[in-house]
Every structure is written in structure tokens, then in C-alpha cells.
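Biologist: I would like to take a close look at one part of this model, and I would be glad of an answer that goes slowly enough for a first-year student.

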Amino acid sequence: MRGMTLPQDLICRPYRQLARNARLANARLDRACMALSPGEWEAPRTSFFPSLKETMVHLLNADRYYIDTLRGERLGLPGSPGSRATAAEFAIERAEVDEWLLGFSESLTIEELARKISIPWPERTLSETVADTLLHVFLHGQHHRGQIHSMLSGTSVPPPQIDEFILADNGEARVEDLKALGWTEARLTR
């Protein structure tokens, strides 16, 4: 394999799949949180961020922060953060952020993945590639979605399946999710 050039799609496709998986998992968690009894979303829980709401808002804020560094010459997210008073209001902004990351990931090229970006940090500025930054964004998101899933276990709503990756032979498990997102199986698996 030494000296072999990989096709662009083989290199860029995992980032598209990670973005699609994040969108699917976040949509499932948002629906679960919207079904909670009043007060459960904000109720104190055992986790690093002490409620479902605070954990979800942290994840959303982090995604917005990294989108600002990834943008380059592309348009960023619309306006400032939306209302986050309820899980339903939160879900609107979550969907906008996920759709931006998905669009960004679906248009990636090998050159774009190699592009260096500057990430302002409290005491210094980090210099990272788009590829490594996206991997961090997706892994950070999965970490916190796991916490959210765990916290949902102590509520009136059972936690949804979020660890199903996008395997071609598991389409029946996501029919309703794809319908809700307006996606097709072909779009999901390309």
C-alpha cells in the first residue's frame, strides 16, 4: 500500500458518515427530551454537567464554537443562539447546527481536510487540520450524547438507540428517523 493514492471518496466519506450519525443521534435525543414530563429536562442529575439541558447546551455551544473555526470562507450559522427555554426550542437550534456540520462534511475534499485552521484557546491558539478538528467535534459529541443517554435512563422516557452506526443492512431500524429528517436511505449511505 506504500505510495498508493486513496480515492477522495474513501478519505472523505467517514466524515460524512460521522456527521450523518451525529444528526441522527441528536434528533433521537431531542425527540426523547421533548417527550419528557415538565421539569425533567432541567432537573438535577448526576453527570459532569448537572442536567440534561446543561449537557445538551454545552455540546451545542461547543459545536457552534468549532463551526466558527471551520468556516473559512463559508457562511456561518444564522445569528446568535436561539431560545433554549424548552427542549423543543433547543431542538430547532440543534438541527440548524447539525445541518451546517452535515453540509460542510458532505462537501469536503482532501485539500479541505488538510487545511490548517486556528482555534483560539484560553492561553494560546491551536493550529489544527480540518480533519483533526472534525474528528474532535464528532468524538466530543458522542461523549456527551452518551452522558445524555445515561441521564435519560433516570427519566420517564426511555433513552433512544444512539450507538447504531450507519450500516447498510440495518435500514429497518431507522425508517421513521429518516422520514422525520426528510432523508432517504441512499442519501444516508452514500
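Which residues line the second largest cavity?

Modeller: This is a predicted model, and what follows should be read with that in mind. The second largest cavity is lined by Asn 26, Leu 29, Asp 30, Met 56, Leu 59, Phe 90, Arg 94, Arg 145 and Ile 148. If you look for these residues along the chain, you will find that α1, α2, α3 and α5 each supply at least two residues of this lining, and that the largest share, 3 residues, comes from α1. Sorted by class, the lining of the second largest cavity holds 5 nonpolar, 1 polar and 3 charged residues, and the space that it encloses has a volume of about 50 Å³.

To place this cavity in its setting, it helps to know that a search of the whole structure finds 2 cavities of 30 Å³ or more. The largest cavity contains about 70 Å³ of space, and its lining is made up of 14 residues, with Ala 22, Asp 63, Asp 98, Leu 101 and Phe 138 lying nearest its centre. Here the helices that each give at least two residues to the lining are α1 (8-34), α2 (52-70), α3 (87-106) and α5 (130-152), while the classes of the lining residues come to 7 nonpolar, 2 polar and 5 charged.

From the cavities we can turn to the loop between α1 and α2, which is where Pro 50 is placed. Pro 50 has a relative accessible area of 38%, and it is therefore partly exposed, since that class lies between the limits of 20% and 50%. Leaving aside residues up to four places away in sequence, Pro 50 touches Ala 43, Pro 44 and Arg 45. Pro 50 and Met 151 are 101 residues apart in sequence, yet their C-alpha atoms are 9.6 Å apart in space.

Aromatic rings are the last feature to follow, and a search of the whole structure finds 4 aromatic pairs. In one of them, the rings of Phe 48 and Phe 49 have their centres 4.9 Å apart and their planes at 80°, so the pair is edge-to-face. Phe 48 counts as exposed at 67% relative accessibility, whereas Phe 49, at 18%, counts as buried. The rings of Tyr 65 and Tyr 66 also form an edge-to-face pair, because their centres are 5.3 Å apart and their planes stand at 85°. Tyr 65 is partly exposed, with a relative accessible area of 31%, while Tyr 66 is buried, with a relative accessible area of 8%.

Methods
Residues are numbered from 1 along each chain as its sequence is written. This is a predicted model: local features need pLDDT of at least 70, side-chain atom pairs count only at pLDDT 80 or more; totals for chains, interfaces and linings use all residues. Side-chain values use heavy atoms; hydrogens and water are left out. On a 1 Å grid over the protein atoms alone, a cavity is a set of points where a 1.4 Å probe fits but cannot get out, and a pocket is an open set with protein on both sides within 12 Å along at least five of seven lines; lining residues have an atom within 4 Å of a point. Grid points are joined across faces, edges and corners, and a volume is the space filled by probe spheres set on the points. Helices (H or I, at least four residues) and strands (E, at least two) are DSSP runs, numbered from the N terminus. Ala, Val, Leu, Ile, Met, Phe, Trp, Tyr, Cys and Pro count as nonpolar, Asp, Glu, Lys and Arg as charged, and the others, Gly among them, as polar. Buried means under 20% relative accessible area, exposed over 50%, partly exposed in between (1.4 Å probe, protein chains only). Contact means heavy atoms within 4.5 Å. Rings of Phe, Tyr and Trp (its six-membered ring) pair if their centres lie within 6.5 Å; planes under 30 degrees apart count as stacked, over 60 as edge-to-face and the rest as tilted.
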